Structure formats: structure tokens, C-alpha cells
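Hi everyone, thanks for coming. Please have the sequence and the 3D view open while I talk, and stop me whenever you like.

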Amino acid sequence: MTGKPITVCCISTLLLVSLQSVCADESRPNSAKVSADNGSNRPIPKQHLDFFESRIRPVLVKRCYECHSADADELQGGLFLDSRAGITQGGESGPLLDMDTPEASLLLQALRHEDLEMPPDRKLPEPVIADFEQWVKLGAPDPRTKGIPSSANRIDWQQARKFWSFRRPVRPPLPFVEGRHQVSNAIDLFILKELEAKGITLNPMADRRTLIRRVFFDLIGLPPSPAEVEAFLADSRPDAYEHLVERLLSSPHYGERWGRHWLDVAGYAESNGIIADGLTPHAWRYRDYVIRALNKDKPYDRFLLEQFAGDELFDWRNSEVLTEEIEESLTATGFLRCTPDGTDTQDIFQLEKRWDHLQATVEVAMKASVGLVLNCARCHDHKFDPVLQEDYYSLVGLFLPAYDPDNWLPCTDARKSNWPVRYILKAGKTERNTAARTLQKWGTVIKSLNSDNRSLATEFHDRWLVAQATQGKLPLTLDEIRILKLPAEKRTVEGNRISANLRSKHQAEPEELRSLFPEFERRADEIERKIAEARQSFDHADRDRIWALWDVSPSPPHSRLLVRGDFMSPGRVVPTGIPRIFDDPENPFVLPEPGSETTGYRLALARWLTGAAHPLTARVMVNRLWQYHFGRGIVATPDDFGFQGSRPTHPELLDWLAVEFIQSGWSIKAMHRLILSSSVYRQSSQTDPQKVIRDSDNQLLSRRTPRRLEAEAIRDAMLSVAENLDGRFFGPAIPLEQLDDGQYIVASDNAGRLRRSVYIRVRRTTPVSFLETFDSPQVDTNVPRRFSSNVPLQSLSLLNNPFVVECAKDFANRLFASEPDDETKRIVLAFEIAYSRSPSPDELDSSRGFFAGDSSRSAWELFCHGLIASNEFLYVN
Amino acid sequence: MPSNMNRREALLRCGGLGGIAMSWLMQQEALGSPVNQGVQSLQARQPMFAPQAENVILLFMGGGPSQVDLLDPKPAIKKYDGQDIPISIFQRGLSAKKKLMASPFRFSPQGKSGIELSELLPHTARVVDDLAVIRSAKTNRIDHDNAQFMFNSGRPVPGFPSMGSWISYALGTANQNLPAYVALAYGLPNCKQRIYSSGWLPPLYQGTQMKIDGVPVYDLKRPESITPVRQRKLLNFIHNLNENHRQQHPYQLEFQARMSNFELAARMQAEVMEQVDLSTEPTHIKKLYGVDLPQCDKYARYCLVARKLVESGVRFVHILRGDWDHHSNLTSRLEKSCASTDQPVAALLTDLKQRGLLEKTLVIWAGEFGRLPITEGKNGRDHSPHGFSLWMAGGGIKGGTVFGATDDFGYAAVEDVITPSDLHATTLHLLGLDYKALTFPFEGRDESLVGVNKARVLKDIVA
């Protein structure tokens, strides 16, 4: 099936034990009850037994066991026909037997080749099928008592739970290292241990200029100003560096920088991603929520809790006041709205779009929080990880009350006639309900007026046809004319078809109808006026809206396993809950009692996720933080901590950090402090041949690797050196415009066009071209890590892009404003602004040479252009 | 991502296939290419085994061209015209009426091979002996964007790398002054730019959209404020700054690559403009394509640029359009779509052939699905993913072949059924790539273009 059979084999020897060796069904709490009953507990009359043994069993053995027994090479359809229990339970397509109407049993349908065709190659002879009909009518007597080898039993769960990432992290003992002088904190011990094993050690600390630039970009995504560099150099306190870190962590720009990282993890975008890629106008409130949450160091467990189930944390439905706290909490659930949502298309494809959105949401949520990749289990048991298809749909069940494909809320009200839609009006209970009722009312009115409008046009279109025919301008038959003259409600189906055909064949311009029929004009105007009024009333009743998720129905729908992942083939009901690999008495998942207006399912999930004993949540997050600080995670696959993911390069360090994270009260800023104060973070980037040989790709962190800035940081840094950065925070997304050459830029007439990149509209199909060139991702699901490519198109943009040229110009203006008279001072300042350092004597010389013969303003613009297009500007050392 | 060592071990253990993949992987690593995710590059790379084609031109006919009016003649529809289709049809949202609609167009045998083509394709008829016509394609989604994702990436959802991206990743490109994967947007199909997305492959393997009028690639044009002399001065200055910087980081190879990219970029400014400049093409070539003919001028220019790009070493050219969605007025609209494409497409094959390029260029003509043999409205046909036609020609393709068949009414593929994944496997095979071995580590799996879908190389159409 896949291109890598070898990997499958490795895992199967590790995890899967042969079917024969297992018999008992592992029972689970909340296990779904099987409904069919073939009289298993009653004694079987002898003649029934004889009938089974002579007519049924031989056929099953000969024609069915090959694919449907414990001995089958590859079990088909999850169906066992070699035991009474197997027949009772049925397979992926559902129960086999229907005891109320035995002749409608799936088993018999399949044998008759009605829908399913079994056996698939050749139908059984009619008399044999008749035997099976007879057998089912007798109640399917069956003496075979052996148990079902459930697919759960194919996995050795005890063994599977021993996998490193499924075991709870415990604080490891601190290792002993030789180079104590290099140790700033515990992190360094773990790093040095590995380095010393290879006979190498950490680099010395980077110099202060390098360090301040590194920390600035890292924490706030902006370069330090020359004054800030000077102040840091002059700070003689022993903890000058700690003060710097502290100052940046409390800068409101910190949330913009790190919020952008989390928005990647969430797969944040402001459009629905389907066909026309319509905008989701209120999504930005979630973006602002993330920035604010990071700025105030909201504990990570709370952060997850709000994003998974903010709507279930408060009884917002009955609260007369929409407090700030409630609003924030509701806004957080935007996390679960991020994946493409094409459910607003009013066509026959709605059901699959709903499933697409639901499944993408579940998958991104689990990757983001616990680094578990579930996609494979949509269609079949996971081939690599111990996750069954049933587990997948159990988990889906937790999201069904909010995202029920059979009871769906549209995502927008683009036509202004849908209400409710998936927005919560920003108001307390009474006001909100009144407004909602009003919106619903006017929505219905608009819908009905639109329909009136169409009927009116049709009526006069028909009259027009008749008039044309009477005047001999159209060759209509008498029959056709007779039909057209009938009022709509008196026409037959055939009459309607004929008149519709005539209308589509002979179009009439509305203008012509207006001039010919004063009555049409009058009535059409009347309807238009009413529509305009209704729209106005709709808008008047409307409130600011929150892009949120909440349970649409308090009575949870059953989660059914989708056979082969096909939503057209719902199979058996599965219990709702977490994947069984996580069954752990110390961190139990508890399905709540049915609530009044919300199921509490997602809240239960979130509480379980953020339990202190959860093996993955803390590890996954500290690994993300590590990745953004160092360019690569301790686990290189931040969204996949499963069997196919990378193994940690420093497993003990990861666990130590995870435990530390939980004990710090899940404080993200505490983790930053810890990591930034380590020697490994502060070391220089110099490299020697020993290190290249013994730690070739720097997995052991024997040195700092210079990293290219991400797209957003490049743009922000350019604005910053040009002293053009508009530092305003929050608010609706800044729109885009398309230039003649096809590229998308930030709308040039927008007052916020110079604001930070995190506020620019993220429309999936039209990313800002400059950012796209520098690898800003196309957001289809989520973005666990950024790539950093190196292509000539980037050089083209650095040479020719109007934005770069503009920044260079303003950078030059800034130089002249500060140093109007002295060329040398201007050169020095230019280097200090762009690189946070002074030019070397050589550089100063060659820079002076640059202006020999031409020291015009445009030569200075070119000079500045060169600085911001160079590698030293684009890379953080 | 498993470490390279694990990948090596795994590949060594899986025998024959592993052998190919292994040697290829080592070569990739030696080139510092994407496998190790450090420096990524578009340098040309050797395929895994001897290729039959080096480049691909994908003529994407988005919307769903009607197979029973173009490539798949069905006399039974004519015989039962206007009657209920006698076979069972499964499609959601279909009205109760299922009346067959005969094709308004005549079919007749063409060329030495005698393949029957519609009268709408007189020019294609002249090159029919170069084509392998596949009449048994089926796909798994019925709506445009999902089927387009399926056709281009093997998955019916966005977010996966397109075929062109996989091929650029595998083989790089011969001409570093031009993108590896060019998307020429005659018109955008329903799934828009995402049709040439690199998904989770590194973004440098994404298609570069190129226009053929005005500025073909954005940021290609030097701003007016910077004269050529000044731009040279700027380039020299950047070079000096970068050289200083590089000397402090002697082991950081990407700094070197980034420096040479500036020189490439400078050359691209000229070279890309040349690609879309048709003034140097001789009149008889322009005439061959139908340049200046009102019905097909624009598409003719796109096809001509496609030839120039392939001639200049671009690995994958994707001409996008999306106007084959003929729900109504099928007769006139199909005539129009065919008139705009037939001559340019045939000319492209003829022109490639006379330059000796056809033998190393694979040309694919296809939409994301086909249309039903029954009528929709008065004169239209609704989507059909169950059975449709496409053709392939050029590098490694056995010309004059018909492969597969639909049922008597052209509704469903019944014989030698192929899926988009089979098409992908075959395309990769012709380029000397094993579709199972060409993988990229994603979410812990070694993902491929085909993924978990079943796929096979269509040996019957391979020369």
C-alpha cells in the first residue's frame, strides 16, 4: 500500500501479536452495546443444530472463512464469521442480522448480491441462499462459542504504552559533566553530557552585540535600535542580560512574535479555503486573543482549556452580562474554527465538506496539543501508531455535539438570510436572544421577499412571452400560450417545465419588462424597497460577533465509524472518548453526565489533556518552544511524537523541561527565561573542523547556527530600520490589493499598511507575495515548522520589490535626518541600524568608496538597499 | 522525520526497491538536496533509472471535458437518444430524469491507428497517432475543487504537494535561470493557485505562476528608479557585504548559494522576458499554433510559450484553464472550448516533434473528471467522476493506442479502469522515478505522491 513496506513490518513485529494467540475481548468503559441477539443464551434445539451443522457451517468454512475468520490472512470488513459472537457483532458495515425483519438482514442482502455482494466472485446457488434465509428466520442458531479477536487485541497495549512518549515524563537526575564552568543552568548539563561524549564542548558566549540582536529577534521579532544596543553594552550590572530578557518578555511586541508561532500551530487563516475562498470577517478576534494570552503569560493549561472548550467554561448562554472573561473564553474557541470550512456552499456536496471540516479540526487539534497524527486512522486502524480506527471515531465523537454533519450550522451568513450561523452575538442573554430573534425574523423576511421577487419576474416574463407571441414576434404554439396564461399555481408539472424552457430560451431584459408593464415596475419597486428596509433592520439588530464554537445540540449524537473513511458508509456506533492507548487510571478521561445546554465533552477532553499526568501535552509544548528558540526541536517532528516521529535528541532534557513546565504552573515565560539563560542558548556561532566532524548538522548544539528570519520578521525588520513601523496593536485584518504584475501587496491606501505582518490578512489563496517568496506557508491545515528556502526569486524580490525599495528610501531619509552633514557618521549609523554593529575599518573604507563620484540621495538609497538585502540583515546569528 | 541513518537502514533492508531508492537517496544527500532538509536546491538531479521523458507539459482542462462528445464515441447513446438510461446511475443530487443525450457531434476514425475522434478535434486528429487515448479514467470526487486536488496531488483535499512539485523535488531543473515548475494561468480552475501548491514539500518546489503578457513573474522588472548601471552597483555592493559575512561563517554553505542567487536573479530578469517574447518566433510557427486567429490566439500563445520553456530546460509546465464545465448550452460552448484549444494543442505536438523534443517531453491532456451521458437541463451534461477520457503523448508513450473503456453509454469506466494515482505512477515512471521510492518525510511517514492509494504503472501505453 505505502511506499515503505519495511517500516510496516518493523512496527508489526513490535506491536502486533498474531490473531490466534488472543481470544478475550478487552472490554472498555462506555463500550457500545451490540443490539442484535441471536438467542445466544438459550439452548439450541437439536434440529436447529443439525440444520446449522449440515447446511450452514460447511458453507461458511468453504466460502467465507478465507476473508472473515481469525485465520484470514487479511481480515476483510472487520467481520468474523467463525463465531457466534462475530456474527452477532457484525462488521464495519454494521450488524449482520435484523431480528425484527429477518429477511432484511444485511447477511441475506449480501448473499443475494443486492447492495453488498458476498461472496464477491460468485453468488451462492439459490438453494444455499434459501438455507441461510431459513437459518436467519430460525434465529440464527449457532453453537460456536469462541470469542472475537477484537482489533484492539491485535495490539499489545502494555507493550505499546511503554513507548517513550506514552510514558509520563519524570524529572531525570542531573547528569555529571566535566566542563562545569560552562554551565549556567540545568539545561546545559544535559547538552554538555552529549557533547562531552563526543569529545567536544559548547562555544564561548556570543558577544553582547550578537546577543542583543539574537534575543530581540527571538522574543519580539524586531531588531534593537542603536540606542538599545548602546544601553545594553553600557549596562555593567552582572545580570544585565537577565534584565534585557525580562524587558523583552514584558514588551507587548512579545505576544505579536510568539502569537504568530502559535497561529502557525493552530493553522490560523481568515478565509474559508473553499472555491471562492470567502473571508471569515471576525477571525481576527481569535488572533488578538492569542497575542493577549501570550502577553499576559496565561498558563498553558488554561490556554488550551479555553481554546478547546472556552464555551463550556462559563454558562454564557444564561449570563445577562457578557463579561470580558466570558468573551475572551468564547473567542478562544476560534482555535477550533481555523481549518478550511466549505460548508457554506449550498449544494449537494455539503455533507462531505462538513466531514472534511470536522475531521481536519480534530486532527489539527490533536497534532497541536499532543503531537498525535491521526489522519491514517480515518480509514483504517493506524498502521504505525497504536490508534485504531475505532479510537479515531471515538475522539471525533467528542466534537460531534458542536460539529454534527447531520445538524450543521452554516459558517457565514453571506446571503444575509441565514440565522443562526456560527457566530455568537456579542451581548448578554436577553439582548442577544432578542437580537437573534430579530435577525432570524428579518432573515426570513429577506428570503421570502427574494422569492417574491423571482415569482414576480417570472409572472411578467410569461406575460411578455404571450405579448411577443400575439404580436407575431415569437413563434409560440397555442398550447404554449395557453400554459403561459395560466396562473403559476394552476400549472401542471409539465406546464411548469414548458414555461421554464420558454423563459430560458427567450430571455427578457428587466428594463424592457419595466417599460412595458407599469404594474411590474410598481410591484418590483415595492419589493425592492421592502428588501432594502429589511436589510436595514437586519443590520440594525446585528451586533459585533464572536467567531466561536459551541455545542449545537446538548444531546450528543452517536459517533459511528465510517467504513473505509467514507461518510456515505456509516458503520457501527463506537463509544465516545479518547484513544485507548491513553487509558490510564492516574490520568483518567471522564465523560461528563449529560448537561443541560452543553455536553461538556470538549471540556472533559481539555481537562484530560491538561492533567498533570498527561504524558504528551507538556512535552509537546516545551519542544515547540525549544524549536522556535533553536531552529529545531529536541524532537524534530513537533506535530508527531508517535512511532513514526523523530526520537528526541536529548530525551532527558525534554522530560526535565516538561516537568519543570508543569511545576512552573505551565508558565511559558518561565520556560523562556530558563532557556534563554542557558549557556547553550547564549553561545557563539563560530565553528571549527572538530565540531563539523563530530556534530555535523549541529544536532547536539555544539554551536549556534545562524538562522534566516521568517517572512514576517523580514518585513517587520525592514519597516523597523526604515523607522516606518506602525506599532499599533490588534483589530481587523489589514486588507490586500493586487498589482498589475499579479502580486498581492498590503493595500496601499490602508491606514494600517505599515503595521506588523501578524495583522495582515491571511487569505489562503492570496498570500502577500513578498511574504510568500520568503516561505510564509500556504495554510491548508496547520504549520508545525517553517521551511527556509533559498531561491533566486528571493533575490529578485530583494532587488526589485517596491516594498524593499521604499524601505531603503526611508532608511536613507532616516540617516539624513540624524546625521545631515557627516558622511562617515551616516555610514556608521547605517551599519548600526541594519546590523547592530559598527563597520570595520575595511567596511568603512569600501563604503566611502561606494559614494566616490556620486553621493546623491539616490546613491544613499542604493546603499541602504544593499544593507537590507544582504545576508547579515536576513540572518540572525 | 526519521534520521537519515534510519532511512538508510530501512531502505537497505527492503531489497530491490530499496536498492534504487538507496542509491538515489545517497546521490541526493551528496548534492546537499532536500532529503537532509538543510540547503534545498533546484539543481538538476539524476533520476532513479533510465528515463523515457525529461520534461512534462500538463494541459489541464479544468471543469470536466465531456468524454462522450470528444474522445469516447458511444453509438448506443444515439440509438437510445432521449430515452431513460437503462443502467443504474449513482449520483447524489441528480434529478429523477435520466434521459440519454446523443452527442451532437460526429465521430470518425483518424490517422493510421484509426482512433475515433469527435469532429470538434480536426487538428488533434492529425496527430492522433502520437496519442495514447485513455477512456477509462475514474476519480473519487464529484465537485470541481476536490476532484482537481485529487487529479493534481492524489488526495481530494488541499494541502498535499502537486505532481509538478514532486517532480521538481525529485529532479530539480536544468536551467537555473528559470523556475523548475512553471504554471501558466490561461485561466484559474476552481481550486485556484492551490493547484500548483507544494503542500508540505518545501515551498521552493511550488509552481511559479507566470503570465505571458506584461511582467510574467512579479518582481522581475527593475524599478524605474534604479538604472541598469545602478543595479550593477547594487549587486556588487551586496556581493561585497555578503562575502565579508561569509568569511566569518565558512561552514555555512547556504550563504554561498544565496550569493550566487543574486547573479541568477540578475540573469533571470532578461531570460524570463525572452521566454514570453514571441516576436522572435518565425511566422510559420506562429501560424501553426494559430496565433492571431480570433478563436484561439490566446491559448496558442500559451502553448508556444510552453514549448519555449521546455526547450529552455524547464522541468514541468502546467497550463491551467477551467472552462470545460458545460452544464448548459453544451453544443455551442464545447465548440468554443475546442476551437480555442484544438489547433494550438496539435501544433504543440507537431512543433515539439519537429524539434526532437517530443521524444523527451511527456504531454498530458486531461480534466479532473468527465460528464454524464444523460442530459442536464436542455442541452447540458452534469459532472461524472465515474468514467472519463484523457490522453498522453510524447516521451515514452506508445502513440496510436487506445486504453480502457467505459460501458456502452460512456457512464462508468469498466475495462482497465485507471485512477489519478495510476496516472501519477506512470508519469513518474516515464521520468525514471519509482513512485514508491520517491518519498518525503512528513508527519512521521515517508509520504509519496500516491500515498496509500493503489497505483500501477500503465505498461500498456508505455513504449
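Let's start with a counting exercise: how many helices and how many strands does the secondary structure of chain A come to? The answer is 35 helices and eight strands. Before we go on, please keep in mind that this is a predicted model.

Now some overall figures. The C-alpha atoms of chain A fill a box of roughly 105 × 90 × 55 Å along the principal axes. Chain A has 877 residues, and 59% of them are buried. Taking the contacts in chain A with a separation of 6 or more, 70% are between residues 24 or more positions apart.

Chain B has 13 helices and 16 strands. Buried residues make up 63% of its 463 residues. For chain B, residues 24 or more positions apart account for 76% of the contacts with a separation of 6 or more.

Let's go inside. In soluble globular proteins, nonpolar side chains tend to be buried together. So which residues touch the most other members of the largest nonpolar core here? That core has 285 residues, and the ones to look for are A:Trp262, A:Tyr286, A:Trp626, B:Leu59, B:Leu184 and B:Trp391. Its largest share, eleven residues, comes from helix 17 of chain A, residues 429–470. Apart from this core lies another one of 61 residues, including B:Tyr169 and B:Phe440.

Please click on B:Leu59. Leaving aside neighbours within four places in sequence, B:Leu59 is in contact with a list of residues that includes B:Tyr299, B:Ile319, B:Val345, B:Trp365 and B:Trp391. B:Tyr299 has another partner to show you: B:Arg321 lies over its face, 4.9 Å from the ring centre. You can find a similar arrangement in chain A, where the charged end of A:Arg755 sits over the ring of A:Tyr759, 4.3 Å from the centre.

That brings us to aromatic rings. Over all chains, the structure holds 57 aromatic pairs. One of them is formed by A:Phe816 and A:Trp860, with 5.8 Å from centre to centre and 85° between the planes, an edge-to-face pair. Why can we say that this pair ties together parts that are 44 residues apart in sequence? Because A:Phe816 lies in helix 31, residues 802–818, while A:Trp860 lies in helix 34, residues 857–869, both of chain A. And are the two rings' residues buried or exposed? A:Phe816 is buried, at a relative accessible area of 16%, and A:Trp860 is buried too, at 0%.

There is also an aromatic cluster in chain A, and its members include A:Trp262, A:Tyr286, A:Tyr300, A:Phe303 and A:Phe308. Three of those names lead us to helix 13 of chain A, because A:Tyr300, A:Phe303 and A:Phe308 are among its buried residues. Helix 13 covers residues 300–309, and eight of its ten residues are buried, so the rest of the structure largely encloses this helix. The buried set includes A:Glu306 and A:Gln307 as well.

Here is another residue on the inside: A:His672, in helix 25 of chain A, residues 668–676. Its relative accessible area is 0%, so A:His672 counts as buried. Who touches A:His672, beyond residues up to four places away in sequence? The list is A:Leu219, A:Leu249, A:Tyr254, A:Trp258, A:Leu625 and A:His629.

Over to chain B for a hairpin. Strand 2, residues 107–110, and strand 3, residues 115–118, run antiparallel and are joined by four bridges. Within this pairing, B:Pro109 stands opposite B:Glu116. Four residues sit between the strands, and B:Gly111 takes a positive phi near 60°.

Last topic: cysteines. How many disulfides are there over all chains? The count comes to zero. Take A:Cys67 as an example: the nearest cysteine sulfur belongs to A:Cys64 and is 8.8 Å away. A:Cys67 is partly exposed, with a relative accessible area of 31%. For A:Cys807, the nearest cysteine sulfur is that of A:Cys864, 11 Å away. A:Cys807 is buried, at a relative accessible area of 1%.

That's my tour. Thanks for listening, and I'm happy to take questions.

Methods: Residues are numbered from 1 along each chain as its sequence is written. Chains are lettered from A and ligands numbered from 1 in the order in which they are written. This is a predicted model: local features need pLDDT of at least 70, side-chain atom pairs count only at pLDDT 80 or more; totals for chains, interfaces and linings use all residues. Side-chain values use heavy atoms; hydrogens and water are left out. Helices (H or I, at least four residues) and strands (E, at least two) are DSSP runs, numbered from the N terminus. Buried means under 20% relative accessible area, exposed over 50%, partly exposed in between (1.4 Å probe, protein chains only). Contact means heavy atoms within 4.5 Å. Two strands pair if DSSP finds at least two bridges between them. A nonpolar core is a set of buried Ala, Val, Leu, Ile, Met, Phe, Trp, Tyr and Cys residues joined through side-chain atoms within 4.5 Å. Rings of Phe, Tyr and Trp (its six-membered ring) pair if their centres lie within 6.5 Å; planes under 30 degrees apart count as stacked, over 60 as edge-to-face and the rest as tilted. A charge sits over a ring if NZ of Lys or CZ of Arg is within 6 Å of the ring centre and within 35 degrees of the ring normal. A disulfide is a pair of cysteine sulfur atoms within 2.5 Å.
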